Amino acid sequence: MSDYKYSIEAKNVNKTFLQKNQEVKALIDFSITIKRGVIHGLLGPNGAGKSTFINVLGGLVKKNSGQVSICGIDIDKNTKLSKFKIGIVPQELNIDPFFSPAELLELQAGLYGVPKRKRKTDEILENLKLTDQRNAYARTLSGGMRRRLLIGKALVHDPEIIILDEPTAGVDIDIRTSVWDYIKRISKQGKTVCLTTHYLEEAENLCDNISIINHGKKIIEGSKNDLLNIISTKTVSFVLEGKKLIPNQLNDYKPVLANNILKLSYDKNKTNIKNIIDILIANQIGFSEINTSEGDLEDVFIKVIKDK
Ligand SMILES: Nc1ncnc2c1ncn2[C@@H]1O[C@H](COP(=O)(O)OP(=O)(O)OP(=O)(O)O)[C@@H](O)[C@H]1O
Ligand SMILES: [Mg+2]
């Protein structure tokens, strides 16, 4: 295996589009490092620049400036080789309607120069649960089947990196779970995966590392756990029994009382839940249940997007 540190490394990439004679800055000094073997999530609102970056990687969009390397190969110096290292599953479901899944995979393998004996058409179809549709016209496939076929198309040349732009947009929960399982399997085989998603639950479930992008700029990048730690506010709620006067000592915890449930928020780095329970006990406030909840990726996303 060749020696390189990052599967993808981009430095100060800029891309400006012209829309009706107006300049649209899709990427501004955009830098990112995607480690080998991880599942890396690119998150950001609509129009943030995620697909533009992916299209730069795939050679579909020409950047104005900056450097990008894929598996240590500069995409400007060795475009062809760098393209062999990645398989991209595009955001749009653009499939030629008159070919069957098997034909499309064979065609794609041919485009990449994969010799017939090395092709894995049936294996890919089987893994993606498309064996029954092997010879059907692509136009008869459902949205979820098309999405899976596009994943298959990105895999025919056995690339080291798989990039999925919104892999589960518009698919039902069953298919979503099976796509997640498949992505995890690809990752376990040692491949690097990069995906964009608007489902923060998806990123939380799948990704090791995450970059959040807004208005063409990277706002934050780190491991999922580091990002989750940005939100230090925890909420605790008590189901109260009897007495309902809230003591002043709880004012710092923004108390809200509704239907017997007392909700408090506190900074997990500063306060231990025991401090709160001690206050309740000292004031003879009885409770029958305690529930706590931590901030999730959605809270992180909203916070960092708002702060910028
Ligand atoms: N081919 C193009 N021509 C002109 N403008 C473009 C083109 N592609 C993208 N843009 C613009 O660049 C910006 C970034 O778009 P991009 O598709 O990269 O966003 P995105 O983060 O993928 O959004 P989404 O979550 O909606 O897919 C947007 O303002 C978009 O209008
Ligand atoms: Mg996009």
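Which strands does helix 6 lie across, and at about what angle does helix 6 run to strand 8? Helix 6, residues 173-188, lies across strand 3, strand 7 and strand 8. Its direction makes about 150° with strand 8. The model is predicted. Strand 8 is a good place to begin a tour.

**Strand 8 and its neighbours**

Strand 8 covers residues 192-196. Of its 5 residues, 5 are buried, so the strand is largely enclosed by the rest of the structure. Burial holds on both faces. On one side sit T192, C194 and T196. On the other side sit V193 and L195.

Two strands pair with strand 8 in the parallel sense. Strand 3, residues 39-43, is joined to strand 8 by 4 bridges. Strand 7, residues 161-165, is joined to strand 8 by 5 bridges. Some bridge partners can be named. I39 has V193 of strand 8 as its partner. L42 has T196 of strand 8 as its partner. D165 also stands opposite T196 in strand 8.

**The sheet of 6 strands**

These strands belong to an open sheet. Its 6 strands follow the order 6-7-8-3-9-10, and the pairing is mixed. Strand 6, residues 86-89, and strand 10 are the edges, each pairing on one side only. From one strand to the next, the twist averages 15°. Helix 1 packs on this sheet. Helix 1 touches strand 3, strand 6, strand 7, strand 8 and strand 9. The direction of helix 1 makes about 145° with that of strand 7.

**Around ligand 1**

Helix 1 also has a part in the ligand shell. How many residues surround ligand 1? The shell holds 13 residues, and the closest are F17, A26, N46, S51 and T52. Strand 1 (6-19), strand 2 (22-35) and helix 1 (50-57) are the elements that give two or more residues to this shell. Helix 1 makes the largest contribution, with 3 residues. By class, the shell has 4 nonpolar, 8 polar and 1 charged residues.

**Two domains**

The chain is divided into domain 1, residues 6-228, and domain 2, residues 233-307. Taken over C-alpha atoms, the centres of the two domains are 42 Å apart. Where they meet, 11 residues of domain 1 are in contact with 8 residues of domain 2. Four elements each supply at least two residues to the domain 1 side: helix 7 (200-206), strand 9 (209-214), strand 10 (217-223) and helix 8 (224-228). Helix 7 gives the most, with 3 residues. The residues on this side divide into 9 nonpolar, 1 polar and 1 charged.

**The sheet of 4 strands**

There is also an open sheet of 4 strands. In what order do these strands stand? The order is 12-13-11-14, with antiparallel pairing. Strand 12 (256-258) and strand 14 (286-293) are the edge strands, and each pairs on one side only. The twist averages 25° from one strand to the next.

Inside this sheet, strand 11 (residues 233-241) and strand 13 (residues 261-267) pair in the antiparallel sense over 7 bridges. One bridge can be named: F238 has L262 of strand 13 as its partner. Helix 9, residues 273-282, lies across strand 11, strand 13 and strand 14. Helix 9 runs at about 25° to strand 11.

The table lists the strand pairs described above.

| Strand pair | Sense | Bridges |
|---|---|---|
| strand 3 and strand 8 | parallel | 4 bridges |
| strand 7 and strand 8 | parallel | 5 bridges |
| strand 11 and strand 13 | antiparallel | 7 bridges |

**A loop residue**

One last stop is P115. This residue is found in the loop between helix 3 (101-111) and helix 4 (121-127). Is P115 buried or exposed? P115 has 8 C-beta neighbours inside 10 Å, and a residue with 12 or fewer is exposed, so P115 counts as exposed. How far apart in space are P115 and G286? From C-alpha to C-alpha, the distance is 73 Å. In sequence, P115 and G286 are 171 residues apart.

Technical notes: Residues are numbered from 1 along each chain as its sequence is written. Chains are lettered from A and ligands numbered from 1 in the order in which they are written. This is a predicted model: local features need pLDDT of at least 70, side-chain atom pairs count only at pLDDT 80 or more; totals for chains, interfaces and linings use all residues. A residue is buried if 20 or more other C-beta atoms lie within 10 Å of its own, exposed if 12 or fewer, and partly exposed in between; C-beta atoms are placed from the backbone. Two strands pair if DSSP finds at least two bridges between them. Axes are lines fitted to C-alpha atoms, for helices over the stretch in contact, and angles run from 0 to 180 degrees between N-to-C directions. Two residues are in contact if their C-beta atoms, placed from the backbone, lie within 7 Å. A residue is near a molecule or strand if its C-beta atom, placed from the backbone, lies within 6 Å of it. Ala, Val, Leu, Ile, Met, Phe, Trp, Tyr, Cys and Pro count as nonpolar, Asp, Glu, Lys and Arg as charged, and the others, Gly among them, as polar. Domain bounds come from an automatic or database domain assignment.
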